[in-house]
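This report covers the overall build of one chain and then its charged side chains. Please look over the sequence and the model first.

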Amino acid sequence: DRPIDRALGLCGGFSLPAVLSVARLCAQLAFSNARATFAQFCEWAPSQRSTLRMVDAVGAEARPFLESAPAPEDDGEILVIQVDGGGAPHIDLAELLLRRRPHVRGDGTGRHRRRRRRRARVRPRRKKGDKSKNAKVAFVGVIYTLGPRAEDGTREGPLHKRIYATFESHAALFKWLHHEATKRGYGTKRTLFLGDGAEAIWEQQATWFPKAEPCIDWVHIVEKLWAAGRCLHREGSKELAAWVNERVRELRRKSGADKVVTTLSAAYAAIPKTGPGNKGKREKLLNILVHFNKHRHRMRYHALRRDDLDIATGAIEGAVRNLVRMRLDGPGMRWSRGRSEHVLHLRCILLNGLWDEFAAHLARRGSVQLAATPAPTTTHEAVKRAA
């Protein structure tokens with residue numbers, strides 16, 4: 001307890017507006033760029049350690065604020081939920097030890113010293129399944145609504161789009177999404193759930209949103225059709241484009257998924273079991289056919305478009321790009337587990353347009369408690385994929 005800081009409303013020697021400004025810049029820019037930008041306007045910037053303390057303190061308040069935020073007013077009548085994920089590079093133990101090594105000045109120029117360090121660090125060649133950047137997946141969800149149908153049959157939207165994300169797990173994200181969707185009328189409103197072909201997403205959807213109408217991403221399915229067509233026709237040929245376009249038209253009609261599955265089954269049976277390249281074509285086509293059969297009930301595109309509802313996951317694709325890739329997936333970045341979560345939640349507040357409310361919420365509390373030192377770095381070891 002610092003009595004003078006407490007009496008003046010300071011946060012570890014800094015004013016609350018200064019702490020919030022630095023944290024906001026850090027949620028938008030790399031930490032060094034954020035400090036440089038802050039210095040351009042204030043002719044002063046906090047140290048690197050103080051900047052990390054500010055991000056840790058303000059970021060810890062972000063998720064409780066998001067969870068306590070009330071539902072938007074004048075919300076639409078159709079609730080739409082979309083889920084996807086994006087990876088951000090995290091630091092592993094070997095990289096952490098390398099960065100903490102003592103920097104000893106040797107003979108020669110800095111360029112040659114760096115060259116000797118690169119030669120001394122032996123990096124084994126990556127094998128199949130090895131990840132190049134030791135990424136940890138951020139699980140991202142988007143909730144928005146669509147308005148009532150106008151006289152011409154169209155709907156206004158998306159209305160009050162909100163983004164939520166966590167590095168914890170799919171289950172943790174869906175629990176959070178269920179909390180937010182319940183505030184916005186899940187269970188009483190018609191709800192549409194969209195995702196790609198990831199099995200983990202649909203398993204969680206069945207657990208947390210059983211009343212929602214499932215729909216698999218239109219673009220994902222069309223890409224599968226192109227992959228199937230390449231098993232039947234030459235790449236880049238007019239026959240391939242005509243075949244795919246016909247399947248796309250079928251999907252948009254009533255019972256279109258059943259017709260496409262029947263066509264794929266006939267095409268699979270027509271490929272000879274022997275012959276050059278036929279084994280690989282049959283395996284690929286069979287996998288696509290199994291995928292279509294598994295998600296056939298999620299391809300009600302005709303009924304959804306008739307009601308002017310979404311059938312593609314463009315909203316969540318843009319959210320992943322803006323939320324994760326633009327800030328957390330920069331060159332040379334290696335994140336600590338806890339700090340990446342704080343920055344992710346701060347960016348959720350920014351992209352949701354709630355920063356002013358967040359600042360007012362912290363101001364009403366008086367101040368933010370800054371820890372004496374930044375949070376210790378927590379490593380992450382990515383799990384290898386099956387080759």
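A contact means heavy atoms within 4.5 Å. In this chain, 74% of the contacts with a separation of 6 or more join residues 24 or more positions apart. The model is predicted: local features need pLDDT of at least 70, side-chain atom pairs count only at pLDDT 80 or more, and totals for chains, interfaces and linings use all residues. Numbering runs from 1 along each chain as its sequence is written, and side-chain values use heavy atoms, with hydrogens and water left out.

**Overall build**

The chain holds 17 helices and 7 strands. These are DSSP runs numbered from the N terminus (helices: H or I, at least four residues; strands: E, at least two). The C-alpha trace spans about 80 × 65 × 35 Å along its principal axes. Of the 387 residues, 45% are buried. Here buried means under 20% relative accessible area, exposed over 50%, and partly exposed in between (1.4 Å probe, protein chains only). The chain exposes about 21,000 Å², and carbon and sulfur atoms supply 52% of that area.

**Salt bridges**

A salt bridge puts a side-chain nitrogen of Lys or Arg within 4 Å of a carboxyl oxygen of Asp or Glu. The count is 18. Three of these pairs are listed below.

| Pair | N to O distance | Separation in sequence |
|---|---|---|
| Arg-339 and Asp-56 | 3.0 Å | 283 residues |
| Glu-77 and Arg-155 | 2.9 Å | 78 residues |
| Arg-190 and Asp-307 | 3.0 Å | 117 residues |

Arg-339 lies in helix H16 (residues 337–351) and Asp-56 in helix H4 (residues 48–60), so their bridge ties together parts far apart in sequence, at 283 residues. Arg-339 is buried, at 11% relative accessible area. Asp-56 is buried too, at 13%.

Glu-77 sits in the loop between helix H5 (62–68) and strand S3 (78–89), while Arg-155 sits in the loop between strand S4 (135–146) and strand S5 (159–166). Glu-77 is partly exposed at 37%. Arg-155 is buried at 16%.

Arg-190 belongs to strand S6 (residues 190–195), and Asp-307 to the loop between helix H14 (301–306) and helix H15 (314–328). Arg-190 is partly exposed at 29%, whereas Asp-307 is buried at 17%. Both residues belong to a network of salt bridges that also links Arg-149, Glu-213 and Arg-300.

**A positive patch**

Arg-111, Arg-114, Arg-116, Arg-117, Arg-118 and Arg-119 form a positive surface patch. Patch residues have over 30% relative accessible area and no salt bridge, with like charges joined within 9 Å. Arg-119 lies in helix H7 (residues 110–120). Its relative accessibility is 65%, so Arg-119 counts as exposed.

Notes. Patch = residues over 30% accessible without salt bridge, like charges linked within 9 Å, V, L, I, M, F, W, Y side chains within 5 Å. Areas by Shrake-Rupley, 256 points an atom, 1.4 Å probe, with all protein chains shown as cover. Lys, Arg positive; Asp, Glu negative; His and termini not counted. Charge placed at Lys NZ, Arg CZ, Asp CG, Glu CD.
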